[in-house]
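Visitor: I would like to go through this model term by term, asking what justifies each description. Could you show me the structure before we begin?

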Amino acid sequence: VTAGAQAPMASAAGSFAGATPFWLAAKHVNVEMMELLRAAGADITLTNDNGTTPLMVATGVTQIQGPRAKRGDVSQFYSNWGEADAIEAARYLLEHGAAIDARNASGQSALHGAAYMGGKTLVTLLLDRGAAINAQDAQGQTPYRLAEAHLNVASQGVSSWPDTAVLLKTRGANTTLGVDGRTLLRQYVSAANAAAAAQAATPSR
């Protein structure tokens, strides 16, 4: 599975292009730094070039599933994201007017991020604040489908959060809407195999 196959959470949405210092503080779920920047006049609504909001990055969009790094580690393959910090950051952002159902160019919302990271308490917080439970991203995945199974660039395969999926189902998620990660993986593999076969069949010049 290539990084491109992980488009829902780790490519354009996570690009630093257009990111402000406040956006980066949100990505690192650092409320102290967010407040320092806001108090100094930072516009907390600004997104990166993909339209990914500070709330989205705080709740899980752009985060990488893998060993938690120490704050300040700049590796793109590790995340210092933790659910407790994310909950604090999400509450802070919502209290300061963040749009809970904003969508980026990949169709992702904050709830997609929380479901991707398996944050049950974070998912509950967003649902209690009115997040749309059945929103589909550009690949057709709803938050439920992401919790059920999603492509994970860190493990180069499919990950799932069964408890989070059960929570979303209990809260009213449409469990038949969209496509799960295992199906997406099969589609990527099939497309890659077809491309390789077509290339092999093309006469060399």
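Visitor: Why is W23 called buried?

Guide: This is a predicted model, and in it W23 has a relative accessible area of 0%; because buried means under 20%, W23 is classed as buried.

Visitor: What makes F16 partly exposed?

Guide: The relative accessible area of F16 is 42%, and since the partly exposed class lies between the buried limit of 20% and the exposed limit of 50%, F16 is counted as partly exposed.

Visitor: Why is the pair that F16 and W23 form called edge-to-face?

Guide: The ring centres of F16 and W23 are 6.4 Å apart and their planes stand at 80°; because centres have to lie within 6.5 Å for a pair, and planes over 60 degrees apart count as edge-to-face, both conditions are met by F16 and W23. The structure holds one aromatic pair, and that pair is F16 with W23.

Visitor: What is the overall composition of the protein, in helices and strands?

Guide: There are 10 helices and two strands, arranged along the sequence as α-α-α-α-α-α-α-α-β-β-α-α. Of the 205 residues, 46% count as buried, and among contacts between residues at least 6 apart in sequence, 72% join residues at least 24 apart.

Visitor: Which residues have the most contacts inside the largest nonpolar core?

Guide: That core has 40 residues, and those with the most contacts inside it are M34, L93, L122, V123, L126 and L168. At least two residues each are supplied by α2, α3, α4, α5, α6, α7, α8 and α9, with the largest share, seven residues, coming from α5.

Visitor: How do you know that α5 is roughly parallel to α7?

Guide: The axes of α5 and α7 come within 9 Å and cross at roughly 15°; because angles under 35 degrees count as roughly parallel, α5 is described as roughly parallel to α7. The crossing of α5 past α7 is right-handed, and the residues that meet there are E83, A86, I87, A90, R91 and L94 from α5 and K120, T121, L122, L125 and L126 from α7.

Visitor: What makes α7 and α9 roughly parallel to each other?

Guide: Their axes are 10 Å apart and the helices pack at an angle of about 20°, and since the roughly parallel class takes angles under 35 degrees, α7 and α9 belong to it. In this contact K120, V123, T124 and L127 of α7 face D163, T164, L167 and L168 of α9, and α7 passes α9 in a right-handed crossing.

Visitor: Why are α3 and α5 also described as roughly parallel?

Guide: For α3 and α5 the axes come within 10 Å and cross at roughly 25°, and because the limit is 35 degrees, the description of α3 and α5 as roughly parallel follows. The residues of α3 that meet α5 are V31, M34, E35 and R38, and their partners in α5 are E88, A89, Y92 and L93.

Visitor: What makes α6 largely enclosed by the rest of the structure?

Guide: Eight of the eight residues of α6 are buried, so the helix is largely enclosed. Those residues are A110, L111, H112, G113, A114, A115, Y116 and M117, and α6 is followed by G118, whose phi is positive, near 75°.

Visitor: Why is T59 called buried, and which residues does T59 touch?

Guide: T59, in helix α4, has a relative accessible area of 0%, and because buried means under 20%, T59 is buried. Beyond residues up to four places away in sequence, T59 touches W81, A90, A110, G113, A114, M117, L122 and L126. The contacts of L126, with its neighbours within four places left aside, include T59, L94, I100, A110, L111, A114 and A131.

Visitor: How do you know that D101 is partly exposed?

Guide: D101, in the loop between α5 and α6, has 34% relative accessibility, and since partly exposed covers values between 20% and 50%, D101 counts as partly exposed. Leaving aside neighbours within four places in sequence, D101 is in contact with G130, A131 and A132; the C-alpha atoms of D101 and A131 are separated by 5.9 Å, although the two residues are 30 residues apart along the chain.

How values were computed. Residues numbered from 1 in each chain as written. Predicted model: local features only at pLDDT ≥ 70, side-chain atom pairs only at ≥ 80, totals over all residues. Heavy atoms only, no water. Helix = DSSP H or I, 4+ residues; strand = E, 2+ residues; numbered from the N terminus. Buried < 20%, exposed > 50% of the residue type's maximum accessible area, 1.4 Å probe, protein only. Contact = heavy atoms within 4.5 Å. Core = buried A, V, L, I, M, F, W, Y, C linked by side-chain atoms within 4.5 Å. Phe/Tyr/Trp six-rings, centres within 6.5 Å; stacked < 30°, edge-to-face > 60°. Axes fitted to C-alpha atoms, helices over the stretch in contact; angles between N-to-C directions. Parallel < 35°, antiparallel > 145°, perpendicular 65-115°, else oblique. Left-handed = near helix turned anticlockwise from the far one by under 90°.
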